[in-house]
Amino acid sequence: MGASQSNSFRSITGSQDNGTSIKHRSTWIEFNGGDGMEGIIHPLNDDWMIGSYQYGSRFRTKNGGLSSSGVTPPRPRRVLEMELRVAPLAYDPQ
């Protein structure tokens, strides 16, 4: 689960087998299907989020979940499949 640092009503939550959901003030947006994993919200703009699903795949939104695009990084060589099952997320402050 990722929680906004600037909006107490905003969070992004992954649920295995049930996808990723984004909480707005009074509603939820079902953002992505499959195995929802980690989610993170930009600390200064709560409309910018990244969610992840199995094997290191990632997607982002810049409008609070109304649309998304893939941001999956290239898969490194020699990485075991289980190492990518739940890949951590972090924002670069730069």
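Modeller: pLDDT is the predictor's confidence in each residue, on a scale from 0 to 100. This is a predicted model, and on that scale β8 has the lowest mean pLDDT among the elements of the protein, at 84, while β3 has the highest, at 91. The mean for the protein is 82, and 82% of its residues reach 70 or more. Where pLDDT is low, the predicted coordinates should not be read in detail.

Biologist: What makes up the pattern of the protein along the sequence?

Modeller: Read from start to end, the pattern is β-β-β-β-β-β-β-β, and the count is accordingly 0 helices and 8 strands. Of the 94 residues in the protein, 35% are buried.

Biologist: Why are β1 and β4 said to stand at the edges?

Modeller: They belong to an open sheet of 4 strands in the order β1-β2-β3-β4, with antiparallel pairing. Within that order β1 (2–3) and β4 (28–32) each have a single partner strand, so one side of each is left without a neighbour in the sheet.

Biologist: What makes β3 and β4 a pair?

Modeller: Two strands count as paired if there are at least two bridges between them, and strand β3 (residues 19–23) is joined to β4 by 4 bridges in the antiparallel sense. Because that number meets the cut-off of at least two, the two strands are a pair. One position to look at is Thr 20, whose bridge partner in β4 is Asn 32.

Biologist: Which strands pair with β7, and how do you know that they do?

Modeller: β6 and β7 pair in the antiparallel sense over 5 bridges, and β7 is also joined to strand β8 (residues 69–70), again antiparallel, by 2 bridges. The cut-off is at least two bridges, so the link between β7 and β8 also qualifies as a pairing. Phe 59 in β7 stands opposite Gly 51 and also opposite Gly 70 in β8. These strands belong to an open sheet of 4 strands with the order β5-β6-β7-β8 and antiparallel pairing, in which β5 and β8 are the edge strands, each pairing on one side only. β6 and β7 form a hairpin with 3 residues between them, and Tyr 55 in that turn has a positive phi of about 65 degrees.

Biologist: Why is Arg 60 called partly exposed?

Modeller: Arg 60 has a relative accessibility of 33%; buried requires under 20% and exposed over 50%, so the value falls in between and the residue counts as partly exposed. Arg 60 lies in strand β7 (residues 57–61), a strand that is mostly covered, with 4 of its 5 residues buried. Its bridge partner in β8 is Ser 69, and beyond four places in sequence the contacts of Arg 60 include Phe 31, Met 49, Ser 67 and Val 71.

Biologist: Why is Asp 46 called buried?

Modeller: The relative accessible area of Asp 46 is 13%, and the cut-off for buried is under 20%, so Asp 46 is buried. Asp 46 is found in the loop between β5 (36–41) and β6 (49–53), where, not counting residues up to four places away in sequence, Asp 46 touches Ser 4, Ser 6, Asn 7, Arg 10 and Ile 41.

Biologist: What makes the approach of Asp 46 to Asn 7 a polar contact?

Modeller: The side chains of Asp 46 and Asn 7 come to 2.7 Å, and the cut-off for a pair of N or O atoms is within 3.5 Å; the distance therefore satisfies that limit.

Biologist: Is Asp 17 buried or exposed, and how do you know that?

Modeller: Asp 17 has a relative accessible area of 60%, and exposed means over 50%, so Asp 17 is exposed. Asp 17 lies in the loop between β2 (11–15) and β3, and has a positive phi of about 70 degrees although it is not a glycine.

Biologist: Which residues make up the largest nonpolar core?

Modeller: That core has 6 residues in all: Ile 12, Ile 22, Phe 31, Ile 41, Met 49 and Phe 59. Ile 22, leaving aside its neighbours within four places in sequence, is in contact with residues including Ile 12, Phe 31 and Met 49.

Methods: Residues numbered from 1 in each chain as written. Predicted model: local features only at pLDDT ≥ 70, side-chain atom pairs only at ≥ 80, totals over all residues. Heavy atoms only, no water. Buried < 20%, exposed > 50% of the residue type's maximum accessible area, 1.4 Å probe, protein only. Polar contact = N/O pair within 3.5 Å; in protein donor to acceptor, adjacent residues only side chain to side chain. Contact = heavy atoms within 4.5 Å. Core = buried A, V, L, I, M, F, W, Y, C linked by side-chain atoms within 4.5 Å.
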